[in-house]
Amino acid sequence: MLEPVKHILSSKRIILASGSPRRRELLHNIGIKCEIIPSTFEENLDPKKYAPDVFVTETAKFKVLEVAERLASDVRPPDLIIGCDTTVALGDTMLGKPTSSENAFEMLSMLSGKSHTVYTGVVLKTPDKTVSFCESTKVFFAKLSPDVIKSYIATGEPMDKAGAYGIQGIGGSIIEKIDGDYFTVMGLPLCSLSKYILELLEEKRL
């Protein structure tokens, strides 16, 4: 984020409606200071009823709306709430966070030696405007043996990540290449985020 914009945003109350330490770190790295208030939305949308890009943006929207409603009576309401959601799509199948080690093994076995697409949806809510967007990146996995998959699961890294892997950690060693934005795979497409925040500032909506 450019220095003049960072200065403007420093006076704003910005909320990240996510408990993800990766997203918090990414915002910090581009100079956006924010409060972390994870949404309590149950994330119960049926993935079979949505295309992946719609699924993640709708989920992000409900996360933001839940936090906005909770903070509406604050003495100083938020100037901006940022909500995000990420999913991994292998063909028509969407893979969220694994529910168990066995589920993580199943997911990683499905992804092994294939390409899949990561979708991250983002919703930005100011007091008088809501903006949503989605970015996607194609990820190519190396062929993984069962032992490699079990060893990776034993690190614990896969258990809180969509598709059961993290590109920024040990999981980076099982990815051959990507086609698209690296930060979309991490869960927060920084270039697009910055673009939309700048537009909100130019429109005087933030």
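1. Reading from the N terminus, the elements go α-β-α-β-α-β-β-α-β-β-α-β-α-α. That makes seven helices and seven strands in the chain. Keep in mind that this is a predicted model.

2. On overall dimensions, the chain has 206 residues, for which a compact globule would have a radius of gyration near 17 Å, and the chain's own 17 Å agrees with that. Taken along the principal axes, the C-alpha atoms fill a box of roughly 55 × 35 × 25 Å.

3. How do the contacts spread along the sequence? Of those with a separation of 6 or more, 68% are between residues 24 or more positions apart.

4. Now burial and surface. Some 48% of the 206 residues count as buried. The accessible surface of the chain is about 10,300 Å², and carbon and sulfur atoms account for 51% of that area.

5. A quick word on charge: the chain carries 25 positive and 27 negative charges, and the mean positions of the two sets lie 2 Å apart.

6. One residue to look at while you have the model open is N103, which sits in helix 4 (residues 101-111). Is N103 buried or exposed? N103 counts as buried, because its relative accessibility is 18% and the cut-off for buried is under 20%. Leaving aside residues up to four places away in sequence, N103 touches K97 and P98.

How values were computed:
Residues numbered from 1 in each chain as written. Predicted model: local features only at pLDDT ≥ 70, side-chain atom pairs only at ≥ 80, totals over all residues. Heavy atoms only, no water. Helix = DSSP H or I, 4+ residues; strand = E, 2+ residues; numbered from the N terminus. Rg over C-alpha atoms; globule rule 2.2 N^0.38 Å. Buried < 20%, exposed > 50% of the residue type's maximum accessible area, 1.4 Å probe, protein only. Contact = heavy atoms within 4.5 Å. Areas by Shrake-Rupley, 256 points an atom, 1.4 Å probe, with all protein chains shown as cover. Lys, Arg positive; Asp, Glu negative; His and termini not counted. Charge placed at Lys NZ, Arg CZ, Asp CG, Glu CD.
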